[in-house]
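Please examine the sequence and the model shown below. The paragraphs after it offer a guided reading for those who have not met this structure before.

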Amino acid sequence: MQGRCPQDGTRPTARDAPAPPSLWQAEHRWAGFPPLEGRHTADVVVVGAGVTGCACARRLAAGGAGVVLLDGAEVAAGASGRNGGFASAGTGLGLADAAALIGMPAALALIRATVAALGEMLALAAARGDPGAVQRTGSLWIAAADEADDLRAAVARLRAAGFTCREAPELVPGPMRPRYTHAAVFPGDCRLDPARFVRAVAGAAADAGARVHERSPAEALEPGPGGWRVRTPAGDVTARAVVVACDGRTPRLVPELEGIVYPVRGQMLATEPLADTVIDLPTHSDHGFVYARPTPDGRLAIGGCRSADLEAEYTDDQRPTARVQAALERFVRDRIGLAGARIDHRWAGTMGFSADLLPVAGELPGRPGLHVACGYSGVGNVQGFVCGGLLADGLLGRPAPLAEVLSPGRFAVDGRLRPAPELREQAESRRLRPLLPA
Ligand SMILES: Cc1cc2nc3c(=O)[nH]c(=O)nc-3n(C[C@H](O)[C@H](O)[C@H](O)COP(=O)(O)OP(=O)(O)OC[C@H]3O[C@@H](n4cnc5c(N)ncnc54)[C@H](O)[C@@H]3O)c2cc1C
């Protein structure tokens, strides 16, 4: 099934060419759900069955709403089935940067929501009879000299705010010690098998009553007297609300978000099973540009290195490229010391970044009933779960305390969304600072 892109029916382009499956997609057997056919009604239609859409549909259905969940390809076809599988508390910004944008109380509340979500994700996988889909392993941040001050300051700030983490230079994997002198461990973080986990969430949504349809791309969202009509090639759904959860592809259906949410490609590879995995915990380094983790069968899965071809990686084409793959291989050989390891899998995925690097979740200004959740800026496994749930809570009339700070309305000028190039530039220069020449 995988690799039969286009992922959705909107403006198919060369970027929608078939993409190789991730290791997780290739290894997971999935019976799937049938396409949508005919005319239907629902309380809410959710478009996009990644972690965000599945979490939203599950919470809505469990709360008694009539839900249809659609995916243009299949559940976990996008970044949610293609990522590194780090399920980490926190956001795409450090605590200090998040607090500078939304204030310390909201920044802390957002991190606390991700901590709570990790507990919910573990419980959900266990309740579905698949505890191996999420495991509390902890995660490791390792730093070379140029990142050491950032690491120390971040750990001090988080500890002062009551979060559990500590400096742990002794945990730097042996072969990486000459370069990486500092480390911090986050014991509450988890390791995901991302496709398996998201499909467990979709199963839970279906069991709670959500009607799930794959191979059902939303071609158009049409406002009307009964709410929103979502058209797919073989059927349509009319609902009082629509949630668009297509992450980097959200602006294709919601053009108001152009310039506010944009696609970024991430690439990965996985080695053959190794006698010694070297890296025991999900470990990130190089200012977040490299992340590596072992798999249960002893492979090393590693991703990132998009700094090797930065401009080309602003795309929603899910195919890997020679340049970034070569950079990943060099990292495996030169920094991890695994010369000669066979590479068994190579893949890519695209994710949504937002202009200020915080999630964009809520109803669009001036478009009653049209909701989005996207833009996790590289860190979406847990934030997507949180934001899908947050939208569901709002639609069910429950308190959703983070709704205001994450609302797309923060990008509105005179009540209408405006592209935010200056915010994007500021965010990018902050993020890319370590890569730029001094
Ligand atoms: C290589 C890589 C590594 C990453 N590593 C991590 C990590 O380790 N930890 C972490 O937290 N985050 C990571 N991320 C980011 C994370 O994967 C994403 O932020 C998250 O999965 C987004 O989830 P989502 O459900 O919002 O979107 P997606 O998973 O992209 O799901 C969107 C869905 O919408 C569907 N769709 C699109 N258009 C339509 C349409 N018109 N109609 C119907 N359906 C449509 C797609 O088929 C897709 O299934 C990584 C991303 C990549 C690419």
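The account that follows turns from the domains to a single strand and then to the ligand.

The structure is a predicted model. The domain assignment of its chain gives two entries: domain 1, made up of 14–83 + 195–261 + 356–434, and domain 2, covering 139–187. Between the C-alpha centres of domain 1 and domain 2 there is a separation of 33 Å.

Strand β5 comprises residues 139–143 and is mostly covered, since 5 of its 5 residues are buried. In a regular strand, side chains alternate between the two faces of the sheet. In β5, S139, W141 and A143 point one way, whereas L140 and I142 point the other way, and all are buried.

The partners of this strand may be considered next. With strand β7 (residues 182–186), β5 pairs in the antiparallel sense, over 5 bridges. Within that pairing, W141 has A184 of β7 as its bridge partner. Strand β14 (residues 283–285) runs parallel to β5, and 2 bridges join the two. Here L140 stands opposite T283 of β14.

The surroundings of the ligand complete the account. There are 46 residues around the ligand, and G48, G50, G78, G266 and G380 come nearest among them. Several elements contribute to this shell: α2 (51–62), β13 (261–271), β17 (343–354) and α9 (381–395) each supply at least two of its residues. By character, the residues of the shell divide into 20 nonpolar, 21 polar and 5 charged.

Conventions:
Residues numbered from 1 in each chain as written. Predicted model: local features only at pLDDT ≥ 70, side-chain atom pairs only at ≥ 80, totals over all residues. Near = placed C-beta within 6 Å. Helix = DSSP H or I, 4+ residues; strand = E, 2+ residues; numbered from the N terminus. Nonpolar A, V, L, I, M, F, W, Y, C, P; charged D, E, K, R; others polar. Domains from an automatic or database assignment. Buried ≥ 20, exposed ≤ 12 C-beta atoms within 10 Å, placed from the backbone. Pairing = 2+ DSSP bridges.
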